Amino acid sequence: MIATTRKIWHALADACPGLRLRNAFATTPRLILMLGIILLAGFLAVTLSSYQVSKEAVQRALVEHELPLTSDNIYSEIQASLLRPIYVSSLMAHDTFLVDWMLDGERDPQKVTRYLREIQRKYDVFSTFVVSALTRRYYHFNGILKEVSPDAQKDRWFFTMEHHPQGYRVDIDTNEASANRLTIFVNHKIQDGDGRFVGVTGLGLDVATVSQLIEHYKTRYDRDIYFVDHQGIIESHSDDRLIGKLDIHDQPGIAAVADEILAGDQGTLTYQGETGRIFIRYRYIPELSWHLIVEESEQAAIRALRHALYVDLGIGGGITLLVLAISGFTVHRFQSRLERLASIDPLSGLFNRQFFEALFANALSTARRLDHELSLLLFDIDLFKQINDTHGHPAGDRVIEQIARIVESGRRETDIAARWGGDEFVVLLVDCDESDARRIAEGLRHRVEQEVRVPDTDRPVTISTGVAAYRRGENLKDLTARIDTRLYAAKAAGRNRVA
């Protein structure tokens, strides 16, 4: 019945524009769609706004705290890594053996060679050396390397050491004793007891060692870290292939801020890279005359946040779908109940009178359009009040339910049956003239008499029926008035008959 009801509802909605109430049931998909849009829009608004706030907080923390802290930590560690070589070079410069040997005319060079070799092994450094101001000999732990000359470009560092304001200096240069490998030299003055400049001693650190430190920093801080000289040439990087070859002025993105980096002491900048915005922290390191550069892309900084966003969107989308499914199921059930309440008589299961009137109007319009006949039969239960008074209302209800089942099972697919009120029933016969309607009414009367009994008795229940065909120009009120007259005539003639 409920499935038939829905079909009839939609047929009425299409055929009868005046039935606005029926159209309300067609709005369920739109209601669910609107609910989904509202839920989705609200969820996206909250999630994306939270993501944007968190993103800005991450960027602010990166610029104001994380990158400066990383830069400061690396600078401190580099200073700490240079302190030990500076300390060792100081020990060498103040070693009485070395000073006395030089003042004694630098006899037996093998002594100083052994000394330098022991220092190199003991402190595990890349190189150790002594350069004499008296003989200008450059002593290496493998022997005499050369004699320095004020005319040689690579030797000028030595001739500037005497007047250097500090006792030591850190220089970056190629190491002639090791195939011109780039080396960090810690040079320390040697002075005699009267403070006269005697020479320079010290040690060298392989720049590759610094590259290993950078790789360690990169892994530890999960950021790109490298050093450039005052011209912008990369001097130390985790990728050795870039050292001495790559100029940041030639790199897309960072080239826009390269001059600002090289001219400043320290600061934070941004530039547009291939993967998006790049945050950069730079700092000048006077001990190396290099600029430390720490980079992190915006994408990397918010990677975890973006992952959380995707998880939130997935969970939120799932919850939204679940809410929509539950809402759709609930609305569907509520709609079904409303449809039933609006159209079905709860006791008999047939259409109620109000809905029948709407169906009659639609059927009448269709019959006029197709030139079909309509007939109507109206019947009530004989002596029904007596059944209620004698056996109680529950017994009367059971009689109504049984008769309704007979009506429903016996009607044609196109016929429309309804409970008219109390113990009265009405059946609209579509495309049926009055003679056929009387035959159908007689069959219904016979089935009721044969199948329905007064509860707890063997006495049959009977019905009296009035039948009439629709006349052009009539309305439902006129038609039922004529049928009522015939119904009363059937009762006056002895009941259990069709008139």
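What share of the contacts in the protein between residues at least 6 apart in sequence join residues at least 24 apart? In this predicted model, the share is 59%. The secondary structure of the protein amounts to 15 helices and 15 strands. Of its 499 residues, 45% count as buried. The accessible surface comes to about 25900 Å², and carbon and sulfur atoms account for 53% of that area.

Strand S6 (residues 197-206) is largely enclosed by the rest of the structure, because 10 of its 10 residues are buried. Its pairing with S1 is antiparallel and extends over six bridges. Within this arrangement, Val 131 stands opposite Val 200 in S6. The loop between strand S1 (127-132) and strand S2 (137-140) contains Arg 136. The phi angle of Arg 136 is near 60°, a positive value in a residue other than glycine. Arg 136 counts as partly exposed, its relative accessibility being 37%.

Strand S4 (residues 168-175) includes Tyr 168, and Arg 169 is also placed in S4. These two residues were examined for their burial and contacts. Tyr 168 is partly exposed, at 26% relative accessibility, whereas Arg 169 is buried, with a relative accessible area of 16%; the assignments follow because the buried class ends at 20% and the exposed class begins over 50%. Once neighbours within four places in sequence are set aside, Tyr 168 is in contact with Ile 86, Asn 187 and His 188. The C-alpha atoms of Tyr 168 and Thr 201 are separated by 9.5 Å, and the two residues lie 33 places apart along the chain. With neighbours within four places again left out, Arg 169 is in contact with Trp 157, Thr 160, Met 161, His 164, Phe 185, Val 186 and Asn 187. Two polar interactions of the Arg 169 side chain can be specified. One reaches the backbone oxygen of Trp 157 at 2.9 Å, and the other is a polar contact of 3.1 Å with the side chain of Asp 171.

Aromatic residues were considered next. The structure holds 12 aromatic pairs. The pair formed by Phe 158 and Phe 159 is edge-to-face, because the ring planes stand at 85° with the centres 5.2 Å apart, and an angle over 60 degrees places a pair in that class. Of these two residues, Phe 158 is buried at a relative accessible area of 3%, while Phe 159 is partly exposed at 27% relative accessibility. A tilted pair is formed by Phe 351 and Phe 355, with 5.1 Å from centre to centre and 55° between the planes. Both partners of this tilted pair are buried: Phe 351 has a relative accessibility of 4%, and Phe 355 has a value of 1%. Ring pairs also link Phe 129, Tyr 138, Trp 157, Phe 158, Phe 159, Phe 185 and Phe 197 into a cluster. Among the members of this cluster, Trp 157 and Phe 185 are also contacts of Arg 169.

Helix H15 (residues 476-492) was examined in terms of its length, burial and ends. At 1.5 Å a residue, its 17 residues should span 24 Å, and the end C-alpha atoms are 24 Å apart, so the two values agree. The buried residues of H15 are Leu 476, Leu 479, Thr 480, Arg 482, Ile 483, Leu 487, Ala 490 and Lys 491. In an α-helix, residues three or four places apart point the same way, because there are 3.6 residues a turn. The buried residues of H15 pack against helix H11 (353-370) and against four strands, namely S12 (374-381), S13 (416-421), S14 (424-430) and S15 (463-469). At the N-terminal end of H15, Asn 475 acts as a cap, with a side-chain oxygen 3.1 Å from the backbone nitrogen of Lys 477. Just after the helix, Gly 494 adopts a positive phi of about 120°.

A positive phi is also found at Leu 383, where the angle is about 55° although the residue is not a glycine. Leu 383 is located in the loop between S12 and helix H12 (384-391). With a relative accessible area of 39%, Leu 383 is partly exposed.

Methods: Residues numbered from 1 in each chain as written. Predicted model: local features only at pLDDT ≥ 70, side-chain atom pairs only at ≥ 80, totals over all residues. Heavy atoms only, no water. Phe/Tyr/Trp six-rings, centres within 6.5 Å; stacked < 30°, edge-to-face > 60°. Buried < 20%, exposed > 50% of the residue type's maximum accessible area, 1.4 Å probe, protein only. Helix = DSSP H or I, 4+ residues; strand = E, 2+ residues; numbered from the N terminus. Expected span 1.5 Å × (residues − 1). Contact = heavy atoms within 4.5 Å. Polar contact = N/O pair within 3.5 Å; in protein donor to acceptor, adjacent residues only side chain to side chain. Pairing = 2+ DSSP bridges. Areas by Shrake-Rupley, 256 points an atom, 1.4 Å probe, with all protein chains shown as cover.
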